[in-house]
Amino acid sequence: HIISYSLVSIGGTTATVVEPKMVCKMALDCLAESVIVSHNHPSGNLSISASDKNLTSKLKNGLSYFNIDLSDHIIVTEDGYYSMNAEGEL
């Protein structure tokens, strides 16, 4: 079940900054066993970008040091979503 949720970053129409250490800190503060991250693509494009893949890799690696699983990274648009876990990207 969900024990906490946090807004990590508010970006513009084309980009935002997410610091993996802040996500790790929030997970540690909650004593989380796993983390799901999500963000939107205002463009409506459900394709994962190189930045999305890079962030996912950094989060997965950083969280793993604390035995915390990155369960999913979900991209949301007005018309649907893309689950990196469901698509085998994790």
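How many helices and strands does the protein chain have? I looked this up first and found two helices and three strands. I took helices (H or I, at least four residues) and strands (E, at least two) as DSSP runs, numbered from the N terminus. Read along the sequence, their pattern is α-β-α-β-β.

Notes on the source. The model is predicted, so I kept local features to pLDDT of at least 70 and side-chain atom pairs to pLDDT 80 or more, while totals for chains, interfaces and linings use all residues. I number residues from 1 along each chain as its sequence is written, and side-chain values use heavy atoms, with hydrogens and water left out.

Overall form. I looked up the radius of gyration, which is taken over C-alpha atoms, with a globule rule of 2.2 Å times the number of residues to the power 0.38. The protein chain has 13 Å, which agrees with the value near 12 Å for a compact globule of 90 residues. Its C-alpha trace spans about 35 × 25 × 25 Å along the principal axes. I noted that buried residues make up 27% of the 90 residues; buried means under 20% relative accessible area, exposed over 50%, and partly exposed in between (1.4 Å probe, protein chains only).

Contacts. I counted a contact where heavy atoms lie within 4.5 Å. Of the contacts with a separation of 6 or more, 61% join residues 24 or more positions apart.

His73. I found His73 in strand 2 (residues 69–77). Is His73 buried or exposed? His73 is buried, with a relative accessible area of 1%. Leaving aside neighbours within four places in sequence, its contacts include Val37, His39, Tyr82 and Leu90. Thr56 is also among them, and the side chains of His73 and Thr56 make a polar contact at 2.6 Å. A polar contact is a pair of N or O atoms within 3.5 Å; within protein, one must be able to donate a hydrogen and the other to accept it, and residues adjacent in sequence count only if both atoms are side-chain atoms.

Loops. I checked Leu31, in the loop between helix 1 (20–29) and strand 1 (34–40). Leu31 has a positive phi of about 55° although it is not a glycine, and it is exposed at 73% relative accessible area. Asn67 lies in the loop between helix 2 (50–64) and strand 2. Phi of Asn67 is near 55°, again positive in a residue other than glycine, and Asn67 is exposed at 71%.

Ala86. I placed Ala86 in the segment after strand 3 (80–83). Ala86 is exposed, with a relative accessible area of 63%.
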